[in-house]
Amino acid sequence: MTSMTSADSSFPETTATGAPRPGGPGLLAGRTVSRIGYGAMQLERLHGDRGAAVELLRRAVELGIDHIDTAQFYGDGLVNGLIREAIRPRDGVRVVSKVGAAPNPGGPIPLRPAQRPEQLRASVEDNLASLAVEQIPLVNLRRLDTGPGLRAEGDQVVDIDDQLAVMTALRDEGKIGAIGLSSVTLDGLRRALPAGIACVQNAYSLVTRTDEDMLALCRSEGIAWVPYFPLGSSFPTMPKVTDEPAVRAAAQSLGRTPAQVGLAWLLHHAPNVLLIPGTANPEHLRANVAAGTIVLDDATLAALDAVPTRSADVALG
């Protein structure tokens, strides 16, 4: 199996722009990336200040981020347009997108399911157009099987094999480079392995570790584990990493923030973990990147590992 160990000396220690890699190097779909990347969803908050959004993305590249996670349904193409404007080919950034949902303006939830094969294909085409590229290096299929968020009903309940058929066709056509999965169950991942899976994005954090068996399977198969909600969630029924006494105690001892400790724990927990914390704030971006320098000793790790885990399986809509 492919080694996912960030200490592998064959991995470039700097990005294409010469910046040190925050969190060290890791592997994503066969390519070296910095273990701390950037989730672009929160760029929607800067819709009224395009210049600030572009500047934030440029700053991310300067800080060593070369893995950006996006989707056409983030701001209905707004975020992809910002990435197209800010990121240059020479930056060497791996831009990853996802399909499986669509904008739902004016609805109680801003997204609606878009799970049918023809919708997945249309979403890939929309991503290609808004990013102005001929191929997206990795596209995550957002299933609606688990974790917080949408659930599929009616004709949106689609077998994963039917979805993987169109995703592999798109890969064969050269429109996507690799396939990932999001909000997937362990059984779903096992069924998908023959298709060649490069990445799994599930809700996972220090306080939400119910997917530990899936994380172990990903590690053994050389699949990147890219948790969303890495610090818990703002949903009122979900716990927050930064509220945990053990996290706060570690932060005080280390002179760091609780959020930085929560991110550092993820990097220490498994070598195939890649992070994509999102923010619209330049100072928070800098703090997220700095989490990659935190060293957690055995006693601190033991105290953090003892934090109880709770479920993230919260359905909305």
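I started at a strand pair: P25 has S34 as its bridge partner in β2. Strand β1 (residues 25-28) runs antiparallel to β2, with 4 bridges between them. My notes on terms: two strands pair if DSSP finds at least two bridges between them, while helices (H or I, at least four residues) and strands (E, at least two) are DSSP runs numbered from the N terminus.

Before going on, I wrote down that this is a predicted model, where local features need pLDDT of at least 70, side-chain atom pairs count only at pLDDT 80 or more, and totals for chains, interfaces and linings use all residues. Residues are numbered from 1 along each chain as its sequence is written, and side-chain values use heavy atoms, with hydrogens and water left out.

**The turn after β1**

I looked up A29 next, which sits in the loop between β1 and β2. This hairpin has 2 residues between the strands, and A29 takes a positive phi near 50 degrees there. A29 does so although it is not a glycine. I also checked its exposure (buried means under 20% relative accessible area, exposed over 50%, partly exposed in between, with a 1.4 Å probe and protein chains only). A29 counts as partly exposed because its relative accessibility is 30%.

D76 went into my notes beside A29, since its phi is also positive, near 50 degrees, in a residue other than glycine. I found D76 in the loop between β4 (67-69) and α2 (78-86). At 52% relative accessibility, D76 counts as exposed.

**The whole chain**

I stepped back and counted 10 helices and 11 strands in the chain. The radius of gyration is 18 Å, close to the 20 Å that the globule rule gives for 317 residues, so the chain is as compact as a globular protein of that length. For the record, that radius is taken over C-alpha atoms, and the rule is 2.2 Å times the number of residues to the power 0.38. The C-alpha trace spans about 50 × 45 × 40 Å along its principal axes. Buried residues make up 56% of the 317.

**The sheet**

In what order do the strands of the open sheet stand? I read off β3-β4-β5-β8-β9-β10-β11, which makes 7 strands with parallel pairing. β3 and β11 (224-225) are at the edges with a single partner strand each, so one side of each has no neighbour in the sheet. Inside the sheet, I zoomed in on β4 and strand β5 (residues 94-99), which pair in the parallel sense over 3 bridges. D69 stands opposite V96 in β5.

**Salt bridges**

D69 turned up again here. I used this rule: a salt bridge is a side-chain nitrogen of Lys or Arg within 4 Å of a carboxyl oxygen of Asp or Glu. The count comes to 14. K98 makes one with D69, and their closest N and O atoms are 2.6 Å apart. K98 lies in strand β5 and D69 in strand β4, so this pair ties together parts that are 29 residues apart in sequence. Both K98 and D69 are buried.

R310 forms a salt bridge with E244, with the closest N and O atoms 2.7 Å apart. R310 lies in the segment after α10 (298-305) and E244 in the loop between β11 and α7 (245-254), so the pair links parts 66 residues apart in sequence. I noted R310 as partly exposed at 30% and E244 as buried at 11%.

R116 pairs with E118, again with the closest N and O atoms 2.7 Å apart. I traced a network of salt bridges that links R116, E118 and D155. R116 is partly exposed at 24%, and E118 is partly exposed at 48%.

**An arginine without a partner**

Which side chain of opposite charge is nearest to R35? I found E13, 10 Å away, and R35 is buried yet has no salt bridge. (Lys and Arg count as positive, Asp and Glu as negative; His and the chain ends are not counted.) R35 is in the loop between β2 (31-34) and β3 (38-39). A polar atom of the R35 side chain does lie 3.1 Å from the backbone oxygen of V273.

**Cysteines**

Last, I looked for disulfides (pairs of cysteine sulfur atoms within 2.5 Å) and got 0. Why is C199 not bonded to C218? The sulfur of C199 is 8.3 Å from that of C218, the closest cysteine sulfur, and this is too far for a bond. C199 is buried, with a relative accessible area of 1%, and C218 counts as buried at 0%.

Key. Polar contact = N/O pair within 3.5 Å; in protein donor to acceptor, adjacent residues only side chain to side chain.
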